[in-house]
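Here is my note on the structure, set out as numbered points. Please read it with the coordinates open.

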Amino acid sequence: WNTGPEFQILDDTGYGLDATNINSSGALYDLNPPRSVKVSKPAGEWNRYIITVQNERLTVILNGEQIHDLKLDESEMKDRPAEGHIGFQDEAKRVWYRNVRIKELGEKTADAK
C-alpha cells in the first residue's frame, strides 16, 4: 500500500458501505472513493477491473464504468514511488481472483490516438 495504489475489494452490502465511502469497493483505499454510483456486483458474482497507469495518469474501470481518473502527480499519491509492487487487498476475508493479467505499456505520446 505504501508503494502504489491499493484498491478496495469488498462486499459493500455486508459492511453497510455506500459507493461514496473512501473504503467502499473500488475505492483507492483511504484516499479516494469511486467516482460513480455503486457498480460493484454483490458477493458471489465476479467483478471486472481494468486498472491503467500511464504517464502519471491512473484510470480505473469497474464493470464497464470509469470510477477513477487521477493525475497521480497532483493527487494524494504524488509522494509515492513511481515503481513498486502490485498488491491485492482483501480485508482478511475470503476472496477469489481469476484471469489476472499485467501488461506493460509503452510511453504514450501526444500523437497517440
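1. Two strands count as paired if DSSP finds at least two bridges between them. On that footing, strand 1 and strand 2 are joined by six bridges and run antiparallel. The model is predicted, and the points below should be read with that in mind.

2. The sheet is open and has three strands in the order 1-2-3, with antiparallel pairing. Strand 1 (49–54) and strand 3 are the edge strands, each of them pairing on one side only. From one strand to the next, the twist averages 10°. As background, the strands of a sheet pair through backbone hydrogen bonds, in either a parallel or an antiparallel way.

3. The register between strand 1 and strand 2 can be checked at two positions. Isoleucine 50 is opposite isoleucine 61 of strand 2, and isoleucine 51 is opposite valine 60 of strand 2. These two strands form a hairpin with two residues between them, and asparagine 55 in that turn has a positive phi of about 50°.

4. Strand 2 (residues 57–62) also pairs with strand 3 (residues 65–71), again in the antiparallel sense, over six bridges. Here isoleucine 61 faces glutamine 66 of strand 3, while arginine 57 faces lysine 71 of strand 3. This pair too is a hairpin with two residues between the strands; asparagine 63 in the turn has a positive phi of about 50°.

5. Which side chains of strand 2 are buried, and which are not? The side chains alternate along the strand: Leu58, Val60 and Leu62 point to one face and are buried. Arg57, Thr59 and Ile61 point to the other face and are not buried. Val60, on the buried face, is the residue opposite isoleucine 51.

6. Lysine 38 sits in the loop between helix 1 (12–15) and strand 1. Buried means under 20% relative accessible area and exposed means over 50%; lysine 38 is at 39%, so this residue is classed as partly exposed. Apart from neighbours within four places in sequence, lysine 38 is in contact with Asp12, Thr13 and Ala19. For alanine 19, the C-alpha to C-alpha distance from lysine 38 is 4.9 Å, at a separation of 19 residues in sequence.

7. A nonpolar patch on the surface is formed by Ile86, Phe88, Tyr97, Val100 and Ile102. Together these residues have about 540 Å² of accessible area. One of them, phenylalanine 88, lies in the segment after strand 3.

Note on methods
Residues numbered from 1 in each chain as written. Predicted model: local features only at pLDDT ≥ 70, side-chain atom pairs only at ≥ 80, totals over all residues. Heavy atoms only, no water. Helix = DSSP H or I, 4+ residues; strand = E, 2+ residues; numbered from the N terminus. Patch = residues over 30% accessible without salt bridge, like charges linked within 9 Å, V, L, I, M, F, W, Y side chains within 5 Å. Areas by Shrake-Rupley, 256 points an atom, 1.4 Å probe, with all protein chains shown as cover. Salt bridge = Lys/Arg side-chain N within 4 Å of Asp/Glu carboxyl O. Axes fitted to C-alpha atoms, helices over the stretch in contact; angles between N-to-C directions. Buried < 20%, exposed > 50% of the residue type's maximum accessible area, 1.4 Å probe, protein only. Contact = heavy atoms within 4.5 Å.
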